[in-house]
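Let's take a walk through a protein together. Keep the picture open as you read, and look up each spot when it comes up.

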Amino acid sequence: MIEENSKTDIENPDLICPITFEIFHDPVIAKDGHVYEREAITRWILQHGTSPLTRQPLQINDLQPDDRLRHLAHQGRNSTVSYNAHNASIILPPLRRLSININARVAPEQTSNLTRITRQIPPSNFASQNKNFE
């Protein structure tokens, strides 16, 4: 059995289609051994009849779905910020609802880091730094 490390897989550049430069939605494996977005490679084969990477002849009927890569790409889309090159838009991951117990007690050691950080930033320095962004 192969042990999966989802963090490594999500950051893997192989989740990006070499034609669209976007994270896969419907990845397929072609006879040239490369994986492409189905819609992009279908359009390419209809126009050129060959692989965009190897120039080897390809046929649409030979494309095989890659379900593992589809799953990994889905995880990647839902956990990272991505860029859509076609319309120059940034895609943010979906928000996740957090449940917080407001009656829970906070241990003193949990608040010490926050107190230390806020004490390191004097209010006067923070105000002067923010003027640069106006």
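## Starting from the inside

Ile41 makes a good first stop: leaving out residues up to four places away in sequence, Ile41 touches Ile19, Val28, Tyr36, Pro52, Leu58 and Leu63. Try finding each of those partners in the picture. One thing to keep in mind as you do: what you're looking at is a predicted model.

So what is Ile41 part of? There are 14 residues in the largest nonpolar core, and Ile41 and Leu63 are the ones that touch the most other members. Helices α2 and α3 (67-77) each put in at least two residues of this core, and α3 gives the largest share, with 3 residues.

Now zoom out for a moment. The protein has 5 helices and 5 strands. Starting at the N terminus, you'd meet them in the order α-β-β-α-β-α-β-β-α-α. Of the 134 residues in the protein, 21% are buried. The protein exposes about 10,800 Å², and 54% of that comes from carbon and sulfur atoms. What about contacts between parts of the chain that are far apart in sequence? Among contacts with a separation of 6 or more, 40% are between residues 24 or more positions apart.

Next, head over to Pro27, which sits in strand β1. Is Pro27 buried or exposed? Its relative accessibility is 0%, so Pro27 counts as buried, the cut-off being under 20%. Setting aside residues up to four places away in sequence, Pro27 touches Val35, Tyr36, Glu37, Gln64, Pro65, Asp66, Leu69 and Arg70. You can also compare positions along the chain with positions in space: Ile16 is 11 residues from Pro27 along the chain, and their C-alpha atoms are separated by 9.5 Å.

Arg38 gives you another such pair with Pro27. These two are also 11 residues apart in sequence, and their C-alpha atoms are 5.7 Å apart in space. Arg38 belongs to helix α2. Its relative accessibility is 28%, so Arg38 counts as partly exposed. Apart from its neighbours within four places in sequence, Arg38 is in contact with Asp26, Val28 and Pro65.

Time to look for a hollow. The largest pocket has a volume of about 160 Å³. Which residues line the largest pocket? They are Ile19, Thr20, Glu22, Ile23, His25, Glu37, Glu39, Ala40, Arg43 and His86. Sorted by type, the lining has 3 nonpolar, 3 polar and 4 charged residues. Helix α2 (residues 38-48) supplies the largest share of that lining, 3 residues.

Last, a couple of backbone oddities. Most residues other than glycine have a negative phi. Phe21 isn't a glycine, yet it has a positive phi of about 60°. You'll find Phe21 in the loop between α1 (6-10) and β1 (27-29). Phe21 counts as exposed, because its relative accessibility is 59%. Arg55 is another example: this residue has a positive phi of about 65° and isn't a glycine either. Arg55 is in the loop between α2 and β3 (64-65). With a relative accessibility of 52%, Arg55 counts as exposed.

Methods:
Residues numbered from 1 in each chain as written. Predicted model: local features only at pLDDT ≥ 70, side-chain atom pairs only at ≥ 80, totals over all residues. Heavy atoms only, no water. 1 Å grid on protein atoms, 1.4 Å probe; cavity = no way out; pocket = protein on both sides within 12 Å on 5 of 7 lines; lining within 4 Å. Points joined across faces, edges and corners; volume = space filled by probe spheres on them. Helix = DSSP H or I, 4+ residues; strand = E, 2+ residues; numbered from the N terminus. Nonpolar A, V, L, I, M, F, W, Y, C, P; charged D, E, K, R; others polar. Buried < 20%, exposed > 50% of the residue type's maximum accessible area, 1.4 Å probe, protein only. Contact = heavy atoms within 4.5 Å. Areas by Shrake-Rupley, 256 points an atom, 1.4 Å probe, with all protein chains shown as cover. Core = buried A, V, L, I, M, F, W, Y, C linked by side-chain atoms within 4.5 Å.
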